[in-house]
Amino acid sequence: MDTTSLPDTEQPQSSTARKDRDTISLEQRLRKRRLGMSFASYTVTFTVVLFFCYQQMIPLRVAGHFALFSLVVNAALWLLIHSNINLRFRDPSMTALQMIICQWPALWVMFFLEAGQARAIFLLITIVPALYGILALNVRNFILVSIGFLIQYSALHLALWLYRPQVMNTELELIQSFAFVLVLAEVALIGGFISGLRGKLRLRNRELKNAMGRIQELVNIDELTGIYNRRRIFQVLNEESNRYRRAPGAFSVGILDVDFFKQINDTHGHQAGDKILRQLASSVTADLRVIDSFGRYGGEEFLLILPQTTLAGAEIKAERIRSSIEALRFDDLPADISITVSIGLAEFQAGETTDDTLARADKALYQAKESGRNRVISAVNSQTDEV
């Protein structure tokens, strides 16, 4: 099918957009995995709650409250991630929110524990969610979350003082509170430091990825014109021929040659010639589809690859390119002088190699030059090998 005249709205989606969607999907899967780890922590804590029930230290209904809260909260968080609503938040991972909320069921259980030592044991478990902050929080956010922990812990003491003062041991509660503050401070500093290291590592990885991309670009891009170099354009040609063998579908190639380019260099200088090549390359690439490829074949010759395009479609595209180049004007040339190109086309045929296709396109280009230049000539199939 010839797709040379597809409107912009029907063009294939860019690879950048696809990569962005893939990245978001991967990040969402990682957030679900972390949520699963968090739910596993609830499960471990629940076994301790059941042990308290077994020892008749808390009513069974309190264990039921803990289990119900764990299921509801984790289900709600999972739905936020699954529906991508979390992407609207400043922190899509909702790390700080999860750390704060997960304290509530623990504090509820601690309210019903009569022995201060038992609350101290359970207090250790409430520290565990703070470790998840290492995955996302910096020192400042760690400190804010720690303050939230202290406020909630203070609210527990206030509730105990108001409703169950008989279970309070002032000296013990002060020691436990002091130890809790120290532990939170250490977790905040160490966790924030580790999180900072992770952030620096992500930055270095991103810089390395950008550097590798730049290196790859330098390997594949022609320094003068900014389009594919000979190495890369031949890679694309081989990729397209391999695709054809997996799922046959028309694709065409064209060899484009600037007419009388040597005379231009000799008359106006090599700098003027270089500017002409750059402007010509920019003009052609602006008129191509996303799936098309254009590269420097050598000197003033260029190679055009048109996937999903029959020879008839390639002729339409090549003629449009030829006429647009003829209409270009260059600052380093007199106004009455125009640059023209000759183009030889060939459609890839079953049973031939890419070298065979290029040979037929090159023969067509030779015919275009012999016929007066500034024209498009197409090669017929490889069986007749004529133009």
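## The loop between α1 and α2

In this predicted model, glutamine 56 sits in the loop that joins α1 (15–54) to α2 (60–82). Its relative accessible area is 72%, so glutamine 56 is exposed. Most residues other than glycine have a negative phi. Glutamine 56 is not a glycine, yet its phi is positive, at about 60°.

A second residue with a positive phi is arginine 373, at about 65°, and this residue is not a glycine either. Arginine 373 belongs to the loop between α12 and β5 (376–378). With a relative accessible area of 25%, arginine 373 is partly exposed.

## Packing of α2 against α4

Two packed helices are described by the angle between their axes and the distance between the axes. For α2 and helix α4 (residues 103–112), the angle is about 175° and the axes are 9 Å apart. The two helices α2 and α4 are therefore roughly antiparallel to each other. On the α2 side the contact is made by Arg61, Val62, His65, Phe66 and Phe69, and on the α4 side by Trp104, Pro105, Ala106, Trp108, Val109 and Phe112.

## Aromatic rings and charges over rings

Eleven aromatic pairs turn up when the whole structure is searched. Ring pairs join Tyr42, Phe46 and Phe66 into a cluster. Phe66 is also one of the α2 residues in the contact with α4.

Two arginines are placed over aromatic faces. Arginine 164 lies over the face of phenylalanine 111, 5.8 Å from the ring centre. Arginine 232 lies over the face of tyrosine 228, 5.4 Å from the ring centre.

## Leucine 150 in α6

Leucine 150 is part of helix α6 (residues 139–163). This leucine is partly exposed, at 28% relative accessible area. Apart from residues up to four places away in sequence, leucine 150 touches Phe180, Val181 and Leu184.

Leucine 150 and isoleucine 339 are 189 residues apart along the chain, and their C-alpha atoms are separated by 77 Å.

## Helix α10 and its surroundings

Helix α10 (residues 270–286) contains 17 residues, and from its first C-alpha to its last the helix reaches 24 Å, close to the 24 Å expected at 1.5 Å a residue. An α-helix has 3.6 residues a turn, so residues three or four places apart point the same way. The buried residues of α10 are Ala272, Gly273, Ile276, Leu277, Leu280, Ala281, Ser283 and Val284. Elements that cover these buried residues include the helices α9 (261–268) and α11 (311–326), together with the strands β1 (251–258), β2 (293–298), β3 (301–307) and β4 (341–347).

The axes of α9 and α10 cross at roughly 135° and come within 6 Å. That angle makes α9 oblique to α10. From α9, the residues Phe261, Ile264, Asn265 and His268 meet His270, Ala272, Gly273, Ile276 and Leu277 of α10. Among the α10 residues in this contact, Ala272, Gly273, Ile276 and Leu277 are also listed as buried.

## Helix α11

Helix α11 has 16 residues and spans 22 Å from first C-alpha to last, close to the 22 Å expected at 1.5 Å a residue. Its buried residues are Leu311, Gly313, Ala314, Lys317, Ala318, Ile321, Arg322 and Ile325; Lys317 and Arg322 are among them. The cover over the buried residues of α11 includes β1, α10, β3, β4 and β5.

## Serine 252 and threonine 357

Serine 252 lies in strand β1. Its relative accessibility is 0%, so serine 252 counts as buried. Leaving out neighbours within four places in sequence, serine 252 is in contact with Leu304, Ile305, Leu306, Thr309, Thr310, Leu311, Ala314, Ala346 and Glu347. Two of these contacts, Leu311 and Ala314, are buried residues of α11. Serine 252 and leucine 311 are 59 residues apart in sequence, while their C-alpha atoms are 6.1 Å apart in space.

Threonine 357 is found in helix α12 (residues 354–370). With a relative accessible area of 3%, threonine 357 is buried. Beyond its neighbours within four places in sequence, threonine 357 is in contact with Val253, Ala346, Glu347, Phe348 and Glu352. Ala346 and Glu347 also appear among the contacts of serine 252.

Notes
Residues numbered from 1 in each chain as written. Predicted model: local features only at pLDDT ≥ 70, side-chain atom pairs only at ≥ 80, totals over all residues. Heavy atoms only, no water. Phe/Tyr/Trp six-rings, centres within 6.5 Å; stacked < 30°, edge-to-face > 60°. Lys NZ or Arg CZ within 6 Å of the ring centre and 35° of its normal. Helix = DSSP H or I, 4+ residues; strand = E, 2+ residues; numbered from the N terminus. Expected span 1.5 Å × (residues − 1). Buried < 20%, exposed > 50% of the residue type's maximum accessible area, 1.4 Å probe, protein only. Contact = heavy atoms within 4.5 Å. Axes fitted to C-alpha atoms, helices over the stretch in contact; angles between N-to-C directions. Parallel < 35°, antiparallel > 145°, perpendicular 65-115°, else oblique.
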